[in-house]
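Q: I have a new model open on my screen and would like to learn how to read its side chains. Could you walk me through it?

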Amino acid sequence: MTRVKRAAPIFAVHDLDVALAHYERMGFAVRAYEGGGYGFAVRDDVELHLGVVADAGRQNAAYLFVEDSEALAAEWRAAG
């Protein structure tokens, strides 16, 4: 069984600057992605991704950092 190392949830936001300032006040180190419309908030072992969307209530996603993505995909396909 392959090991899942960490996850990074992606939160949909309407205003990236406001969201980054919010997380910075909560003690996160923040930075905006150079390409615009996306940012990161990191504190200890927690990493949040922030993406600008028109309707923030309808977007959910997460990055999974794994040792072997093909092996994990095969495990999950086998599990149905």
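A: Happy to. Let us begin with Asp 17, which is found in helix α1 (residues 16-25); helices here are DSSP runs of H or I with at least four residues, strands are runs of E with at least two, and both are numbered from the N terminus. This is a predicted model, in which local features need pLDDT of at least 70 and side-chain atom pairs count only at pLDDT 80 or more, while totals for chains, interfaces and linings use all residues. Residues are numbered from 1 along each chain as its sequence is written, and side-chain values use heavy atoms, with hydrogens and water left out.

Q: Is Asp 17 buried or exposed?

A: The general idea is a scale of relative accessible area: buried means under 20%, exposed means over 50%, and partly exposed is in between, using a 1.4 Å probe and protein chains only. Asp 17 has 62% relative accessibility, so Asp 17 counts as exposed. You can also use Asp 17 to get a sense of distance: its C-alpha atom and that of Trp 76 are separated by 37 Å, with the two residues 59 apart along the chain.

Q: How many salt bridges are there?

A: Side chains of opposite charge can pair when their charged atoms come close. The rule asks for a side-chain nitrogen of Lys or Arg within 4 Å of a carboxyl oxygen of Asp or Glu. By this rule the count is two. In one of them, Glu 67 meets Arg 3 at 3.9 Å, N to O. This pair links distant parts of the chain, 64 residues apart: Glu 67 is in the loop between β5 and α2 (69-78), and Arg 3 is in the segment before β1 (4-13). Glu 67 has a relative accessible area of 48%, so it is partly exposed, and Arg 3, at 47%, is partly exposed too.

Q: Which side chains meet in a salt bridge at 2.8 Å?

A: Those of Arg 6 and Glu 47, with the distance taken N to O. This pair also links distant parts of the chain, with Arg 6 in strand β1 and Glu 47 in strand β4, 41 residues apart. Arg 6 counts as partly exposed because its relative accessibility is 37%, whereas Glu 47 is buried, with a relative accessible area of 16%.

Q: What else does the side chain of Glu 47 contact?

A: Here the term to know is polar contact: a pair of N or O atoms within 3.5 Å, where, within protein, one must be able to donate a hydrogen and the other to accept it, and residues adjacent in sequence count only if both atoms are side-chain atoms. The side chain of Glu 47 makes such a contact with that of His 49, at 2.5 Å. His 49 lies in strand β4 and is buried, with a relative accessible area of 5%.

Q: How many aromatic pairs does the search find?

A: Rings of Phe, Tyr and Trp (its six-membered ring) pair if their centres lie within 6.5 Å; planes under 30 degrees apart count as stacked, over 60 as edge-to-face and the rest as tilted. The search of the whole structure finds three pairs. One of them is Tyr 38 with Phe 40: the centres are 5.5 Å apart and the planes are at 75°, so the pair is edge-to-face. Both Tyr 38 and Phe 40 are buried. Another pair is Tyr 63 with Phe 65, where the centres are 6.4 Å apart and the planes are at 45°, so this pair is tilted. Tyr 63 is partly exposed at 40% relative accessibility, and Phe 65 is partly exposed at 27%.

Q: What lies over the face of Phe 65?

A: A charge sits over a ring if NZ of Lys or CZ of Arg is within 6 Å of the ring centre and within 35 degrees of the ring normal. Arg 6 fits the rule, lying over the face of Phe 65 at 3.7 Å from the ring centre.

Q: Where is the residue with a positive phi that is not a glycine?

A: Most residues other than glycine have a negative phi, and most peptide bonds are trans. Asp 44 has a positive phi of about 55°. Asp 44 is found in the loop between β3 (38-43) and β4, and counts as exposed at 70% relative accessibility. Gly 80, just after α2, takes a positive phi of about 90°.
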